[in-house]
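Biologist: Before we talk about details, could you put the model on the screen, so that we can go through its fold, its surface and its charged pairs in turn?

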Amino acid sequence: MSRIFLLLLAGLKFSKLFGSVATMLIAVGVYAIAFGWRYAVGIVAMLFLHEMGHYVAARRRGLRVGLPMFIPFAFAWVKLEDLPHDAETDAYIALAGPMLGTVAAIGAYFLARDQGMHWLMAVAYTGFLINLINMIPLPPLDGGRITSVLSPRIWLLGVPIIGALLWFHFSVILLLVAILAAPHVWSALQFKRDDP
């Protein structure tokens, strides 16, 4: 028991790392109960690599950023402690997550295909789906942050996509994205190019 206590104290010393590892392990545990441990580890690894794309891009632009945190069946995120100075930096950071996530999904796909691992093929397909949905041009998704460099009006293209996804495959997470996107859609409707 004393060893566990000492490990917890050591973990508190590295609280940022402790929080990230703890939420990652919780996510693996929850996914393992629902889908088995192989898929659980694979999907959390996909989410981790996606978020590390954002992390590395933010660090390359000189911004302070926290390590990834996970909420099972919802999402993962990295907290930007310094906000991007302009839309181009924000788009750069947003694009890095789906790019690295897609590269990871491609690697998992070819490994699964060559080795005949069905569970890894499911991880690869889920990775592709996560990154594809993240590219919908509507905040708070990465696609909304990427398209803001061009014009907030592009966010309006994301509304029918989210609507169609909700209609054909209802998900509480998609509903949450739609609710979080509503203020951004309103600001896109009121956007005037000549505003400062």
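What follows is a set of questions and answers on this predicted model.

Biologist: In what pattern do the helices and strands follow one another along the sequence?

Modeller: The predicted chain has 8 helices and 2 strands, and its C-alpha trace spans about 65 × 40 × 30 Å along the principal axes. Read along the sequence, these elements give the pattern α-α-α-β-β-α-α-α-α-α.

Biologist: Among contacts between residues at least 6 apart in sequence, what share joins residues at least 24 apart?

Modeller: A contact here means heavy atoms within 4.5 Å. Of the contacts in the chain between residues at least 6 apart in sequence, the share that joins residues at least 24 apart is 56%.

Biologist: Is Thr23 buried or exposed?

Modeller: Thr23 sits in helix 2, which covers residues 15-35, and, not counting residues up to four places away in sequence, Thr23 touches Pro68, Met69 and Phe70. The relative accessibility of Thr23 is 17%, and the cut-off for burial is under 20%. Therefore Thr23 counts as buried.

Biologist: And how does Phe170 fare, buried or exposed?

Modeller: Phe170 is found in the loop between helix 7 (158-168) and helix 8, and, leaving aside neighbours within four places in sequence, Phe170 is in contact with Leu165 and Leu175. The relative accessible area of Phe170 is 54%, and the class in question begins over 50%. Phe170 is therefore exposed.

Biologist: Which elements give two or more residues to the nonpolar surface patch?

Modeller: The patch, of about 420 Å², is made by Ile71, Phe75, Trp77, Leu176 and Leu180. One of these residues, Phe75, lies in strand 2 and counts as partly exposed at 37% relative accessibility. The elements that give two or more residues to the nonpolar patch are strand 2 (75-77) and helix 8 (172-189).

Biologist: Turning to the charged side chains, how many residues apart are the partners Glu88 and Arg61?

Modeller: The side chains of Glu88 and Arg61 meet in a salt bridge, with an N to O distance of 2.9 Å. The pair links distant parts of the chain, since Glu88 belongs to helix 4 (residues 87-115) and Arg61 to the loop between helix 3 (37-60) and strand 1 (69-71), and the two are 27 residues apart.

Biologist: Is Arg61 exposed, partly exposed or buried?

Modeller: The range between the cut-offs for buried and exposed runs from 20% to 50%. Arg61 has a relative accessibility of 31%, while the relative accessible area of its partner Glu88 is 40%, which also makes Glu88 partly exposed. Arg61 therefore counts as partly exposed.

Biologist: Which residues are joined into one network by salt bridges that share partners?

Modeller: Arg64 forms a salt bridge with Glu81, the closest N and O atoms being 3.5 Å apart. Arg64 lies in the loop between helix 3 and strand 1 and Glu81 in the loop between strand 2 and helix 4, so the pair ties together parts that are 17 residues apart in sequence. Another salt bridge is formed by Arg113 and Asp114, with the closest N and O atoms 3.6 Å apart. The network whose salt bridges share partners joins Arg64, Glu81 and Asp82.

Terms used: Residues numbered from 1 in each chain as written. Predicted model: local features only at pLDDT ≥ 70, side-chain atom pairs only at ≥ 80, totals over all residues. Heavy atoms only, no water. Helix = DSSP H or I, 4+ residues; strand = E, 2+ residues; numbered from the N terminus. Patch = residues over 30% accessible without salt bridge, like charges linked within 9 Å, V, L, I, M, F, W, Y side chains within 5 Å. Areas by Shrake-Rupley, 256 points an atom, 1.4 Å probe, with all protein chains shown as cover. Salt bridge = Lys/Arg side-chain N within 4 Å of Asp/Glu carboxyl O. Buried < 20%, exposed > 50% of the residue type's maximum accessible area, 1.4 Å probe, protein only.
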